[in-house]
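Reader: Got this one open on my screen and I'd like to walk through it with you. Can we start with the aromatic rings?

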Amino acid sequence: MTIDNLVGLIGWPTSHSISPIMHNQAFHAVGLKNWCYVPMPVSPTPSTRIKEAVLGLRALGFRGANVTVPYKEKVIPYVDSLTDEAQALGAVNTIVVEKDGHLCGHNTDARGFLADLEEHNLSLKNSRALVLGAGGSSRAIVYALLKAGCSEVVIFNRTEEKARELANRYKEYFPQATICGRQLSEENLKLSRDFKLVVNTTSVGLTHHDNEMPWFESVAFAPNQVVYDLIYNPNITALLKHAHRHGATTISGLGMLIHQGALAFSLWTGLPPPLEAMKQAAYAALK
Ligand code: ATR
């Protein structure tokens with residue numbers, strides 16, 4: 001069988017990603033034997049490499065790609081069009097190469113996050129949410145929370161200016177909601193009570209720093225709160241352990257990873273995603 005449908009992951013690095021395992025398992029599960037997902041590490045130097053990589057998708061006959069850190073914003077000038085959502089987010093995590101070679105930039109992160117919240121039966125209509133971090137991932141999460149009907153989203157970041165900028169970005173899209181940015185500090189977190197959901201989008205707590213958390217031991221959680229950590233490796237971060245000790249409900253980022261991947265799978269193949277096979281592959285890859 002010839003592999004004549006290629007997709008892959010553009011990022012730097014890509015070796016830690018479980019997306020190749022998850023997608024190749026998905027192709028296998030639906031009988032797409034001539035599809036293959038490959039890691040495509042693109043060096044940040046020279047800076048022209050990312051342009052060459054995106055345009056190369058068309059030249060090499062790829063069906064599409066995922067895009068991860070640090071290129072979600074950088075690929076935008078090189079695609080031919082953006083979906084409304086990718087435009088609003090200012091970030092692309094999926095590229096589809098259409099039949100005529102047109103490169104369309106999509107973003108499935110926000111919908112992937114919402115699909116996972118739905119799977120956890122979490123409704124956010126008129127709720128208040130707190131987001132830790134104001135980088136690329138935070139953009140998708142804040143957008144998703146506002147789309148889900150949160151009445152208030154407060155972004156806490158080490159660099160306060162970035163939190164404020166992100167809040168301002170979405171004020172024009174969601175004028176009915178209260179959105180603000182604050183300094184991530186012990187004092188500010190202690191004053192921030194009654195949030196239904198707390199989401200960590202920072203990189204604090206990832207493998208190699210797994211005893212760190214973007215939170216403070218002295219700040220408690222309540223049993224009616226839900227704490228969601230976008231990090232999925234380790235699957236239970238120091239933040240989730242802290243939240244669990246206080247009786248809060250905890251959710252790791254693995255579900256979002258699977259759902260954003262499932263949406264990308266459908267964009268490339270036009271088929272419903274084999275969600276169970278993707279879940280099994282993701283859990284097995286992390287063991
Ligand atoms: P991503 O695309 O994964 O979101 P990013 O855009 O580099 O990555 O954003 C990383 C986020 O983690 C930022 O909010 C960053 O805070 P700053 O804006 O102040 O840099 C946050 N972050 C990283 N290391 C941190 C640390 N040690 N303490 C607190 N926040 C941290």
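**Rings, cores and a ligand**

Author: Sure: Tyr143, Tyr170, Tyr173 and Phe174 are linked into a cluster by ring pairs. Rings of Phe, Tyr and Trp (its six-membered ring) pair here if their centres lie within 6.5 Å. Before we go on, this is a predicted model, where local features need pLDDT of at least 70, side-chain atom pairs count only at pLDDT 80 or more, and totals for chains, interfaces and linings use all residues. Residues are numbered from 1 along each chain as its sequence is written, and side-chain values use heavy atoms, with hydrogens and water left out.

Reader: Fair enough. How many aromatic pairs are there by that rule?

Author: Nine. One of them is Tyr143 with Tyr170, at 5.9 Å centre to centre and 50° between the planes, which counts as tilted. Planes under 30 degrees apart would be stacked, over 60 edge-to-face, and the rest are tilted.

Reader: Where do Tyr143 and Tyr170 sit in the chain?

Author: Tyr143 is in helix H5 and Tyr170 in helix H6, 27 residues apart, so the pair links distant parts of the chain. Helices (H or I, at least four residues) and strands (E, at least two) are DSSP runs, numbered from the N terminus.

Reader: Are Tyr143 and Tyr170 buried or exposed?

Author: Both Tyr143 and Tyr170 are buried. That means under 20% relative accessible area; exposed is over 50% and partly exposed is in between, using a 1.4 Å probe and protein chains only.

Reader: And what does Tyr170 touch?

Author: Setting aside neighbours within four places in sequence, Tyr170 contacts Ala88, Leu89, Arg139, Val142, Tyr143, Leu146 and Ile179. Contact is heavy atoms within 4.5 Å.

Reader: What's the largest nonpolar core like?

Author: That core has 34 residues, and Tyr170 is among those with the most contacts inside it, along with Phe113, Leu145, Ile155, Leu197 and Tyr228. A core here is a set of buried Ala, Val, Leu, Ile, Met, Phe, Trp, Tyr and Cys residues joined through side-chain atoms within 4.5 Å.

Reader: Which elements give two or more residues to this core?

Author: The helices are H3 (84–89), H4 (109–119), H5 (136–147) and H6 (160–171), and the strands are S7 (128–132), S8 (152–157), S10 (197–200) and S11 (226–229). H5 gives the largest share, seven residues. There's also a second, separate core of 20 residues, including Val7, Ile18, Met22 and Tyr37.

Reader: Switching topic. Which residues surround the ligand?

Author: Gly133, Ala134, Gly135, Gly136, Ser137, Asn157, Arg158, Thr159, Lys162, Thr202, Ser203 and Val204. A residue is counted if one of its heavy atoms lies within 4 Å of the ligand.

Reader: Any particular polar contacts I should look at?

Author: Three come to hand, where a polar contact with the ligand is a pair of N or O atoms within 3.5 Å. A ligand oxygen is 2.9 Å from a polar backbone atom of Ala134, and a ligand oxygen is also 2.9 Å from a polar backbone atom of Gly136. From Lys162, an N or O atom in the side chain is 2.7 Å from an oxygen of the ligand.

Reader: Another lysine, then. Why is Lys279 counted as buried?

Author: Because its relative accessible area is 17%. Lys279 is in helix H10 (residues 275–286), and it touches Glu119 and Ile258, not counting residues up to four places away in sequence.

Reader: And which peptide bonds are cis, for instance?

Author: The bond joining Trp12 and Pro13 is cis, with omega about 0°; Pro13 lies in the loop between strand S1 (5–11) and helix H1 (19–29). The bond joining Val69 and Pro70 is cis too, with omega about 5°, and Pro70 is in the loop between strand S3 (64–67) and strand S4 (81–82).

Reader: Last one. What's with the backbone at Asp194 and His208?

Author: Asp194 has a phi near 65°, a positive value in a residue other than glycine. Asp194 is in the loop between helix H7 (186–191) and S10, and counts as exposed because its relative accessible area is 67%. His208 isn't a glycine either, yet has a positive phi of about 85°. His208 lies in the loop between S10 and S11 and is exposed, at 74% relative accessible area.

Notes: Polar contact = N/O pair within 3.5 Å; in protein donor to acceptor, adjacent residues only side chain to side chain.
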